[in-house]
Amino acid sequence: LAQHMEHHPPKMEEFQGVLLPESTCQIWDQIHNFQAREDDILIATYPKAGTTWMQEIVDLIMLNGDVERSMRAPCFIKVPFLELNPKPMPMQSGVEAADALESPRLLKTHFPVDLVPPSFWEKNVKIIYVARNAKDCLVSYYFFQKMNKGLPDPGTWDEYFSSFLAGKVTWGDWFDHVIGWWKAKDHHKILYIFYEDMIEDPRREILKVMKFLGKDFPEDVVQKILQHTSFKSMKNNPVVNFSCLPESVFDQSVTSFMRKGTVGDWKNHFLDSQNLIFDEEYKKKMAGSGLDFRTEL
Ligand code: A3P
């Protein structure tokens with residue numbers, strides 16, 4: 001596999017204006033025709049917004065806080081990644097894995113709202129969208145692309161800064177993504193959650209998710225979920241820290257998947273000049289969106 005990766009670096013392709021893995025585009029019909037079920041739960045995010053964190057929270061909520069059962073398999077097996085075409089790895093595609101799962105299913109996507117398979121809307125599936133401020137997303141994505149061999153090398157920090165701001169990164173433009181889903185929430189069953197709110201008060205946000213899913217637990221169960229999904233617990237939990245993947249897939253000697261888990265790490269990476277450029281673009285692109293992000297707490 002390592003050898004294959006070396007000789008076939010991952011390719012991206014522009015699809016309906018969005019940069020996607022070429023492997024995903026190759027199975028587009030399979031993805032587009034995916035059959036959602038009424039009791040599915042879909043977690044949708046822009047990459048690095050806290051997908052894995054929300055997955056673990058929702059998995060535990062669906063299991064009524066049964067930590068032992070939450071350890072049944074790594075997160076990428078428990079929660080199929082809808083648009084994943086893992087070739088050359090000997091794994092099922094996201095659609096095949098989802099088809100094989102018993103209901104109720106928890107699923108994951110990084111698609112902008114317009115690319116979501118239509119059956120999710122037809123079946124009125126509950127969707128949880130996690131959004132994270134652009135600056136921390138950029139930093140987290142930069143480090144992730146350095147270690148994830150399934151994504152292109154990010155290039156230098158300067159290069160990546162420009163690519164991200166221009167929306168020329170995999171799964172497309174951050175601005176389009178967060179705004180598209182924000183608008184969609186007025187017409188669909190979408191719970192829109194902010195990573196910064198989860199960091200500020202994880203209990204409050206977990207209760208929101210529980211309510212959205214029609215669940216109510218005694219405080220000791222809530223505390224168990226909180227404890228199990230803290231950054232510290234997740235960093236040491238092989239089910240969610242991707243330590244079972246070989247270096248040829250995720251090279252965690254470069255940076256760990258559970259890297260920092262904070263709000264405001266961008267301050268350690270943005271140059272003052274970049275920050276000015278970013279803020280100016282940000283103002284233009286977010287104007288009138290009604291969306292407010294916090295970049296520090
Ligand atoms: P950093 O790279 O800033 O540390 P995703 O799952 O969407 O790929 O997001 C990964 C980001 O979420 C990483 O951000 C990771 O550290 C952070 N994260 C994962 N679990 C977390 C938790 N329990 N608490 C806080 N942050 C978490």
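The legends below describe an overall view and several close-up views of a predicted model.

**Figure 1. Overall view of the protein chain, with 16 helices and six strands.**
The radius of gyration is 18 Å and the globule rule gives 19 Å for 297 residues, so the chain is as compact as a globular protein of that length. The C-alpha trace spans about 50 × 45 × 40 Å along its principal axes. Buried residues account for 38% of the 297 residues. Of the contacts between residues at least 6 apart in sequence, 74% join residues at least 24 apart.

**Figure 2. Close-up of the crossing of helix H4 with helix H13.**
H4 covers residues 51-62 and H13 covers residues 202-212. Their axes come within 11 Å and cross at roughly 55°. This angle lies between the limits of 35 degrees for roughly parallel and 65 degrees for roughly perpendicular, and the two helices are therefore oblique to each other. The crossing is right-handed. On the H4 side the contact is made by Ile57, Val58 and Ile61; on the H13 side it is made by Ile206, Val209 and Met210. The residues of this contact comprise six nonpolar, no polar and no charged.

**Figure 3. Close-up of the loop between helix H8 and strand S5, with Lys123 and Asn124.**
The loop lies between H8 (119-122) and S5 (126-131). Lys123 has 14 C-beta neighbours inside 10 Å and therefore counts as partly exposed. Apart from neighbours within four places in sequence, Lys123 is in contact with Ala36, Arg37 and Glu38. The C-alpha atom of Lys123 is separated by 11 Å from that of Lys189, which is 66 residues away along the chain. Asn124 is in this loop as well. With 11 other C-beta atoms within 10 Å, Asn124 is exposed, because the cut-off for that class is 12 or fewer. Asn124 is not a glycine, yet its phi is positive, at about 55°. Most residues other than glycine have a negative phi, and most peptide bonds are trans.

**Figure 4. Close-up of Lys48 in the loop between strand S3 and helix H4.**
S3 covers residues 41-45, and H4 is the helix shown in Figure 2, residues 51-62. Phi of Lys48 is near 75°, a positive value in a residue other than glycine. Lys48 has 23 other C-beta atoms within 10 Å and is therefore buried, the cut-off being 20 or more.

**Figure 5. Close-up of the cis peptide bond from Ser103 to Pro104.**
Omega of this bond is near -5°. Pro104 belongs to the loop between helix H7 and strand S4. H7 covers residues 94-99 and S4 covers residues 106-109.

**Figure 6. Close-up of Trp28 in helix H3.**
H3 covers residues 28-32. Trp28 is partly exposed, with 15 other C-beta atoms within 10 Å. The C-alpha atoms of Trp28 and Asn236 are separated by 36 Å; these two residues are 208 residues apart along the chain.

Terms used: Residues are numbered from 1 along each chain as its sequence is written. This is a predicted model: local features need pLDDT of at least 70, side-chain atom pairs count only at pLDDT 80 or more; totals for chains, interfaces and linings use all residues. Axes are lines fitted to C-alpha atoms, for helices over the stretch in contact, and angles run from 0 to 180 degrees between N-to-C directions. Helices (H or I, at least four residues) and strands (E, at least two) are DSSP runs, numbered from the N terminus. Angles under 35 degrees count as roughly parallel, over 145 as roughly antiparallel, 65 to 115 as roughly perpendicular and the rest as oblique. A crossing is left-handed if the near helix is turned anticlockwise from the far one by less than a right angle, and right-handed if clockwise. Two residues are in contact if their C-beta atoms, placed from the backbone, lie within 7 Å. Ala, Val, Leu, Ile, Met, Phe, Trp, Tyr, Cys and Pro count as nonpolar, Asp, Glu, Lys and Arg as charged, and the others, Gly among them, as polar. The radius of gyration is taken over C-alpha atoms; the globule rule is 2.2 Å times the number of residues to the power 0.38.
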